[in-house]
Amino acid sequence: SRTAAVIPAAGRGVRLGPGAPKALRTLNGTPMLVHAVRSMAASRAVSLVVVVAPPDGAAEVRSLLDAYPLTGHDRAELLVVPGGESRQESVRRGLAALPEDVTTVLVHDAARPLVPVETVDSVISAVRAGAPAVVPALPLADTVKQVEPRTGAATGEPEPVVGTPERALLRAVQTPQGFDRRTLDAAHEKFAAFATEGEGATDDAGLVERLGSPVVVVPGHEEAFKVTRPLDLVLAEAVLARRRA
Ligand code: CTP
Ligand code: MG
């Protein structure tokens with residue numbers, strides 16, 4: 001029985017603005033994807049990392065990663081497979097590449113390059129303790145409103161508010177999300193037809209919930225934030241600089 005990490009890295013990063021695919025953009029000189037791979041391999045429990053590359057970029061990603069070999073405590077086997085049109089489809093392709101003996105799977109966004117190993121290990125521990133699906137998450141700082149979305153929301157057209165869920169009951173979820181491998185395989189198999197961008201699940205635990213299986217939350221970490229918009233790059237580089245100081 002082994003633990004593997006699947007890293008979806010096939011997105012273009014539209015919200016980050018023009019440039020290379022998001023996972024290949026650098027943070028203080030090192031590609032975001034390299035940081036993400038290292039943060040999974042840093043866990044002693046993880047012996048295999050499967051990177052899901054842009055659909056036509058698997059060879060390029062393979063040679064990029066070969067320039068940053070995993071050594072010492074971070075040593076892990078590395079596979080690179082091509083991704084799909086949506087995150088859900090990319091994860092499904094990563095799962096398909098896992099060998100038979102993998103029983104615990106982490107799914108980790110390449111866009112969360114700085115997650116600390118303590119968070120990775122606590123997710124793995126909770127899965128090994130018997131939870132079929134485990135999600136790291138934090139309480140929200142902002143109050144959240146449900147609205148009636150207007151298609152022109154980006155233009156600033158006002159949107160009617162429908163309600164305000166009680167903030168104390170909400171959590172913002174991160175990755176790595178950890179799973180019993182059979183549970184996650186079953187969820188992705190069952191909902192594969194709904195994997196198109198916009199319709200597919202935005203996280204893997206959501207598919208397990210739809211399957212009717214239990215999902216639990218464990219404490220996440222501020223440094224596991226997702227690099228989504230340009231300001232997030234500034235924050236990520238500052239976090240790295242602080243670590244090295
Ligand atoms: N992802 C993927 N395959 C896709 C789309 C997304 O593997 N077809 C991955 C991204 O590479 C990222 C993770 O899913 O590591 C989380 O997605 P997100 O932050 O939305 O990244 P992008 O889709 O690249 O960004 P955007 O939505 O701004 O285009
Ligand atoms: Mg996206």
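A residue is classed as exposed if 12 or fewer other C-beta atoms lie within 10 Å of its own. In this predicted model, N28 has 12 C-beta neighbours inside 10 Å and therefore counts as exposed. N28 is placed in the loop that links strand 2 (26–27) to strand 3 (30–31). Its backbone is also notable: the phi angle of N28 is near 45°, a positive value in a residue that is not glycine. A further backbone feature occurs at P176, where the peptide bond from T175 to P176 adopts the cis form, with omega near 10°. P176 likewise belongs to a loop, here between strand 10 (171–173) and strand 11 (177–180).

Strand 4 (residues 46–53) is paired with strand 5 (residues 77–82) in the parallel sense, and six bridges join them. Within this pairing, V50 has L79 of strand 5 as its bridge partner. Together with helix 2 (residues 58–66), strands 4 and 5 form a β-α-β unit that is right-handed.

The largest nonpolar core comprises 54 residues, and V6, I7, L33, M40, V49 and V51 are those with the most contacts inside it. When residues up to four places away in sequence are left out, I7 touches A36, V37, M40, V49, V50, V51, V52, H108 and A110. The contacts of I7 thus include M40, V49 and V51, which are listed with I7 among the core residues with the most contacts.

Ligand 1 is surrounded by 22 residues, of which P8, A10, G11, R15 and S90 are the closest. By residue class, the shell around ligand 1 consists of eight nonpolar, seven polar and seven charged residues.

Note on methods: Residues numbered from 1 in each chain as written. Chains lettered and ligands numbered in written order. Predicted model: local features only at pLDDT ≥ 70, side-chain atom pairs only at ≥ 80, totals over all residues. Core = buried A, V, L, I, M, F, W, Y, C linked by C-beta atoms within 7 Å. Buried ≥ 20, exposed ≤ 12 C-beta atoms within 10 Å, placed from the backbone. Contact = placed C-beta atoms within 7 Å. Near = placed C-beta within 6 Å. Nonpolar A, V, L, I, M, F, W, Y, C, P; charged D, E, K, R; others polar. Helix = DSSP H or I, 4+ residues; strand = E, 2+ residues; numbered from the N terminus. Pairing = 2+ DSSP bridges. Right-handed = clockwise from strand over helix to strand, strands pointing away.
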